[in-house]
Amino acid sequence: SGVFVPGRRYQIRLEAFDHVNGLPEANAQAVRRIQVEVQGPDVFLTFPSRTYTAGETLNLTARVWNTHAPVTADAVVWVGLPGGGAPLKVLEFKNVFLPQVLTGDVYNGPLGFAYTFTGSEPNGVYVVGFRLLDPSSGETIAVTTRTFTKS
């Protein structure tokens with residue numbers, strides 16, 4: 001706890017030396033790099049991934065599970081518009097405590113975001129994302145994206 005952040009990958013450099021006189025590289029007998037991943041929470045967006053038209057409503061729901069150590073995270077949900085550009089941040093939750101739950105979800109339900117299409121929105125493929133962030137570093141712990149089309 002406090003050293004590795006859940007959901008992150010780390011590279012460990014391991015060096016074995018014959019002796020430590022002068023420059024360490026001059027005496028190195030073996031150098032290895034090992035990648036490790038610290039298990040953490042995960043997220044999944046659950047909404048119909050289909051084509052929406054004027055008058056229809058997009059309701060965002062999500063699953064969050066954490067079968068590993070408890071963690072506190074910031075959660076951000078965004079929508080990317082067709083053609084790229086900066087995504088629109090639609091929801092933000094700060095310092096969400098995610099307990100360890102071995103037999104089910106930490107959360108499974110609506111995110112409190114619903115949008116009814118008026119017809120004035122651009123047509124095309126939209127991307128919806130849900131990201132958990134480490135509150136201290138801002139690094140990603142878990143992320144998922146899904147798409148839908150508006151015509």
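Which residue forms a salt bridge with Asp-105? In this predicted model, the partner is Arg-63, and the closest N and O atoms of the two side chains are 2.7 Å apart. Arg-63 belongs to strand 5, while Asp-105 sits in the loop between strand 7 and strand 8, so the pair ties together parts that are 42 residues apart in sequence. Both ends of this bridge fall in the middle range of accessibility: Arg-63 is partly exposed at 29% relative accessibility, and Asp-105 is partly exposed as well, with a relative accessible area of 26%.

With this pair as a starting point, the overall layout can be introduced. The chain contains 1 helix and 10 strands, arranged along the sequence in the pattern β-α-β-β-β-β-β-β-β-β-β. Of its 151 residues, 30% count as buried. Among contacts between residues at least 6 apart in sequence, 62% join residues at least 24 apart. The accessible surface of the chain amounts to about 9000 Å², and carbon and sulfur atoms account for 53% of that area.

The interior comes next. The largest nonpolar core has 25 residues, and those touching the most other members are Phe-47, Leu-60, Val-128, Phe-130, Leu-132 and Phe-148. Two or more residues of this core come from each of strand 3 (42-45), strand 5 (57-65), strand 6 (71-80), strand 7 (88-98), strand 8 (107-116), strand 9 (124-133) and strand 10 (140-150). Strand 6 gives the largest share, 5 residues. Phe-130 offers a good view of this region: leaving aside residues up to four places away in sequence, Phe-130 touches residues including Val-43, Leu-45, Ala-62, Val-64, Trp-78 and Val-143.

Aromatic rings add another layer to the picture, with 6 aromatic pairs in the structure. In one of them, Tyr-52 and Phe-148 meet edge-to-face, 5.3 Å centre to centre and with 80 degrees between the planes. Tyr-52 lies in strand 4 (residues 51-52) and Phe-148 in strand 10, so this pair ties together parts that are 96 residues apart in sequence. Are these two rings buried or exposed? Tyr-52 counts as buried because its relative accessibility is 1%, under the 20% limit, and Phe-148 is likewise buried, with a relative accessible area of 3%.

Tyr-115 and Phe-117 form another edge-to-face pair, at 5.2 Å centre to centre and 85 degrees between the planes. Here Tyr-115 is partly exposed, with a relative accessible area of 32%, whereas Phe-117 counts as buried at 4% relative accessibility. Ring pairs link Phe-47, Tyr-52, Tyr-115, Phe-117, Tyr-126 and Phe-148 into a cluster.

Returning to charged side chains, a search of the whole structure finds 6 salt bridges. Glu-92 takes part in bridges with Lys-89 (3.5 Å, N to O) and with Lys-94, where the closest N and O atoms are 3.5 Å apart. Glu-92 is partly exposed, with a relative accessible area of 40%, while Lys-89 counts as exposed at 53% relative accessibility and Lys-94 is exposed with a relative accessible area of 53%. These three residues are linked with Asp-74 in a network of salt bridges.

The surface also carries a nonpolar patch, formed by Phe-4, Ile-12, Leu-14, Ile-34 and Val-36, with about 410 Å² of accessible area together. Strand 1 (9-17) and strand 2 (28-37) are the elements that give two or more residues to this patch. Phe-4 lies in the segment before strand 1 and is partly exposed, with a relative accessible area of 43%.

How values were computed
Residues numbered from 1 in each chain as written. Predicted model: local features only at pLDDT ≥ 70, side-chain atom pairs only at ≥ 80, totals over all residues. Heavy atoms only, no water. Core = buried A, V, L, I, M, F, W, Y, C linked by side-chain atoms within 4.5 Å. Buried < 20%, exposed > 50% of the residue type's maximum accessible area, 1.4 Å probe, protein only. Helix = DSSP H or I, 4+ residues; strand = E, 2+ residues; numbered from the N terminus. Contact = heavy atoms within 4.5 Å. Patch = residues over 30% accessible without salt bridge, like charges linked within 9 Å, V, L, I, M, F, W, Y side chains within 5 Å. Areas by Shrake-Rupley, 256 points an atom, 1.4 Å probe, with all protein chains shown as cover. Salt bridge = Lys/Arg side-chain N within 4 Å of Asp/Glu carboxyl O. Phe/Tyr/Trp six-rings, centres within 6.5 Å; stacked < 30°, edge-to-face > 60°.
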